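Here are a few exercises to work through with a structure on screen. Try each task yourself before reading its solution.

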Amino acid sequence: VTFILPMGILLLNANPQSLSLAAVWLFFIIMGPGVASPIYKLTFLGGNTREINEGVARIDRILERQPIPEPEHPQVPERYDIEFRHVSFFYENTEQGTRTKVLHDINFKAQQGEITALVGPSGSGKSTVANLIPRFWDVEQGEILIGGVNIKQIATAELMDTVSFVFQDTFLFYDTLYENIAIGSPSAGKEVVIAAAEAAQCHDFIERLPDGYDTKIGDKGIFLSGGEAQRLKLASEMGRAQSHAVFVFDEPTIGLHPLDVRVLLGVFDRLVASGATVVVIEHDLDVIANADWVIDMGPGGGESGGRIVAAGTPEQIAADANSITGRYLR
């Protein structure tokens, strides 16, 4: 149209009496956009095809991955302490054929009924250690045990019922608060859901909402703060977990108000009192100081990263000259 319109006007000014020229010009004005539209779409066909090919290739890579093998004779742990024995771990890039070692001979034990804090700078391997506990990846060197049983000898369903993992980013469904809590255990009754909410210390703020547990997230402007969402996710995990289980938290205090951090510490204390094993990746000094045992990971990069540089109580870590975190605890 940008070309046809001025050219038509120019030609008509030169020959204003030509009706055939005016008719042809009008035809092109009407048909021009219609012809341009498919051509315009055709220009994006190459880009869309590349995106489709990339999506198919990614799906194929997922489908080609072998599932984690199930044990022939599964075992059930009778206690819930966690032990890492000489664990080393590599990240593999199958496309480039590279292997990056991120954990080097990790040895520690998280006792049942205690809070074990994993601390250290970014890239030191804390999240990798946490992700290995529920067997999101399998270790090639060393072994990880829950209650003295290698996690490779625990059936996946049993392991998922034993380990509750709370990620940094809390995802909630656009549904009622009740359903968001009960999703961890669909067969649970209302008493179990309320008990889980009380244990996660979110029952009080739910009761203050207009529709209580029937309040739908996002409906009529009802949105939860970061601390409330974190506690709601924790309630879901506590609703499905066993009475004595393993809870792994990956940076649960990120973006939380100090008052919410205090509430979360109360949740940790209640879990410990129930006999649970709590492993938390944390930078907040209040949470670290409240832990029973602290594992200080070394800075990432090369052979120096992914190692335990110090371990002990918060007081021992504060006195350890090798601990970076200890400098801030003093």
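The exercises below go through strands, a helix, a surface patch and salt bridges in this predicted model.

**Exercise 1. Work out how strand S7 is covered and which strands pair with S7**.

Step 1: Find S7 at residues 246–250 and check burial; 5 of its 5 residues are buried.

Step 2: Look at the two faces separately. Val246, Val248 and Asp250 sit on one side, Phe247 and Phe249 on the other, and they are all buried.

Step 3: Now for the neighbours. Strand S6 (residues 163–166) runs parallel to S7 and is joined to S7 by 4 bridges. Strand S8 (residues 277–281) also pairs with S7 in the parallel sense, over 5 bridges.

Step 4: Zoom in on Val248. In S6, Phe165 has Val248 as its bridge partner, and Val248 stands opposite Val279 in S8.

**Exercise 2. Find the buried residues of helix H7 and say where around the axis they lie**.

Step 1: Go to residues 190–199 and pick out Val193, Ala196, Ala197 and Ala199, which are buried.

Step 2: These residues cover an arc of only 160° around the axis, so they lie on the same side of H7.

Step 3: Peek past the helix: Gln201 follows H7, and its phi is positive, near 60°.

**Exercise 3. Decide whether Met31 is buried, partly exposed or exposed, and find the patch that includes Met31**.

Step 1: Locate Met31 in helix H2 (residues 19–43).

Step 2: The relative accessibility of Met31 is 39%, so this residue counts as partly exposed. The cut-offs that matter here are under 20% for buried and over 50% for exposed.

Step 3: Met31 helps make a nonpolar surface patch of about 770 Å², together with Val24, Leu26, Phe27, Phe28, Ile30, Val35 and Ile39.

**Exercise 4. Trace the salt bridges of Arg85, then look at one between two helices**.

Step 1: Start with the total, which is 8 salt bridges in the structure.

Step 2: Arg85 meets Glu83 at 3.1 Å, N to O. Arg85 also forms a salt bridge with Glu143, with the closest N and O atoms 3.3 Å apart.

Step 3: Glu143 is in strand S4 (residues 141–146) and Arg85 in strand S1 (residues 82–93), so this pair ties together parts 58 residues apart in sequence.

Step 4: Move on to Asp286 and Arg262, whose side chains meet at 3.9 Å, N to O. Asp286 belongs to helix H11 (residues 285–290) and Arg262 to helix H10 (residues 258–273), 24 residues apart.

Step 5: Compare accessibility: Asp286, at 38%, counts as partly exposed, whereas Arg262, at 53%, counts as exposed.

Methods
Residues are numbered from 1 along each chain as its sequence is written. This is a predicted model: local features need pLDDT of at least 70, side-chain atom pairs count only at pLDDT 80 or more; totals for chains, interfaces and linings use all residues. Side-chain values use heavy atoms; hydrogens and water are left out. Buried means under 20% relative accessible area, exposed over 50%, partly exposed in between (1.4 Å probe, protein chains only). The arc is that of the directions from the helix axis to the C-beta atoms. Patches are made of residues with over 30% relative accessible area and no salt bridge: like charges are joined within 9 Å, nonpolar side chains (Val, Leu, Ile, Met, Phe, Trp, Tyr) within 5 Å. Accessible areas come from the Shrake-Rupley method with a 1.4 Å probe; for residues, only the protein chains shown count as cover. A salt bridge is a side-chain nitrogen of Lys or Arg within 4 Å of a carboxyl oxygen of Asp or Glu. Two strands pair if DSSP finds at least two bridges between them.
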